[in-house]
Amino acid sequence: MMRKDEWVRRRRDEAWARGRDLRNDLLKQYKERFEVDESPPPAKIIDELLTDFLGAKLRFFPLASDRFAETRIVDGDLTVIVNSETARVPGVKDAQGVESVAKWHEAIHVVDDLDVLREGQGPQVPLPGIDAARELVCRRGLARSTNSGEAAREFWAEEAGRAAAVSLPALRQSAAFLELLDLAGRSPGPVPGAWPLLYRAAEDIGVNISALKTQLTLEGLIVVDSVGGKSVVHVQPTLLVGSLV
């Protein structure tokens, strides 16, 4: 029997592949439509990808502080609603980056969970001015939900959406990230000045630092440690020599 940690790792790998496949397909369409060789980082054009390529409506509306966005069917329209109060959510320091990653999370719902929305398999909690809205509620920490189907959908969207938003190829176009790799190649042990470079790299690709750190850590590309009470970053050899997807 497969151990739980092995199952989670396999499912996480599958979700990452799904998110990247969707991202790459949308970027291919974007480049063909606008006749460009390179697209901007996917987190920076997620609004266009959601509305122009996935056919969703995008709205900003105050939501509860335990969620950054939701996907709903409103009056027959597939609608992604972003929490307009994200900047006020405790712990959020980069609202724009958080919103961009959250929109990619919702893009996964738009593509993979449309049947759930159309069948109305979810709570009906309309916002003021939004009537009879079927929704997928993306609460923070929902993986602990007692509803196994709901928790599974959120785990999938969380992992797939973050992998799509934290574009490793886009990182290769970030001067700050390239500087980090250069320093790592010349500095055994923790990389000096790694955190400012990672913050700048996150800004370059349009995501929040937490999403960038989480994805790179889960993939074993960096290791974050504590030395003398300070958080330090070790860049792993796979990141220096491997191809990024």
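Contact, as the word is used on this tour, means heavy atoms within 4.5 Å. The model is predicted, so that local features need pLDDT of at least 70 and side-chain atom pairs count only at pLDDT 80 or more, while totals for chains, interfaces and linings use all residues. Residues are numbered from 1 along each chain as its sequence is written, and side-chain values use heavy atoms, with hydrogens and water left out.

**The whole chain**

Begin with a cartoon of the entire protein, which has 10 helices and six strands; these are DSSP runs numbered from the N terminus, helices being H or I over at least four residues and strands E over at least two. Of the 245 residues, 46% are buried, where buried means under 20% relative accessible area, exposed means over 50% and partly exposed lies in between, with a 1.4 Å probe and protein chains only. Among the contacts with a separation of 6 or more, 60% are made by residues 24 or more positions apart. If you switch on the surface, about 12,500 Å² is exposed, and carbon and sulfur atoms supply 50% of that area; accessible areas come from the Shrake-Rupley method with a 1.4 Å probe, and for residues only the protein chains shown count as cover.

**First stop: helices α8 and α9**

Select α8 (residues 194–205) together with α9 (residues 209–218), whose axes come within 9 Å and cross at roughly 110°. Axes here are lines fitted to C-alpha atoms, for helices over the stretch in contact, and the angles run from 0 to 180 degrees between N-to-C directions. The two helices, α8 and α9, are therefore roughly perpendicular to each other, a label given to angles of 65 to 115 degrees, whereas angles under 35 count as roughly parallel, over 145 as roughly antiparallel and the rest as oblique. Show side chains next, and you will find W195, L198, Y199, A201 and A202 of α8 meeting I209, L212, K213 and L216 of α9.

**Second stop: V166**

Now select V166, in the loop between α5 (148–165) and α6 (168–171), which counts as buried at 0% relative accessibility. Leaving aside neighbours within four places in sequence, V166 is in contact with R23, I205, V207, A211, L212 and Q215. A distance drawn between C-alpha atoms from V166 to W104, 62 residues away in sequence, comes to 9.9 Å.

**Third stop: S100**

Move to S100 in helix α3 (residues 95–112), a residue that is buried, with a relative accessible area of 8%. Outside its neighbours within four places in sequence, S100 is in contact with A43, I46 and G206. The C-alpha atoms of S100 and I45 are separated by 8.7 Å, although these positions lie 55 residues apart along the chain.

**Fourth stop: the aromatic cluster**

Which residues form one aromatic cluster? Select Y30, F34 and F53, which make up that cluster. A search of the whole structure finds two aromatic pairs. The rings of Y30 and F34 have centres 4.7 Å apart and planes at 55°, so this pair is tilted; rings of Phe, Tyr and Trp (its six-membered ring) pair if their centres lie within 6.5 Å, and planes under 30 degrees apart count as stacked, over 60 as edge-to-face and the rest as tilted. Y30 and F34 are four residues apart in helix α1 (residues 4–34), and are thus separated by about one helical turn. Y30 counts as buried at 10% relative accessibility, whereas F34, at 39%, counts as partly exposed.

The rings of Y30 and F53 have their centres 6.2 Å apart and their planes at 40°, so this pair is tilted. Since Y30 lies in helix α1 and F53 in helix α2 (residues 46–53), the pair ties together parts that are 23 residues apart in sequence. F53 counts as buried at 13% relative accessibility. Add R33 to the selection, and its charged end is seen to sit over the ring of F53, 4.1 Å from the centre; the criterion is that NZ of Lys or CZ of Arg is within 6 Å of the ring centre and within 35 degrees of the ring normal.

**Last stop: two loop residues**

Select E35, in the loop between α1 and α2, which is not a glycine and yet has a positive phi of about 50°. E35 is exposed, with a relative accessible area of 73%. Finish with D75, in the loop between β2 (67–74) and β3 (77–83), where phi is near 50°, a positive value in a residue other than glycine. D75 counts as exposed at 66% relative accessibility.
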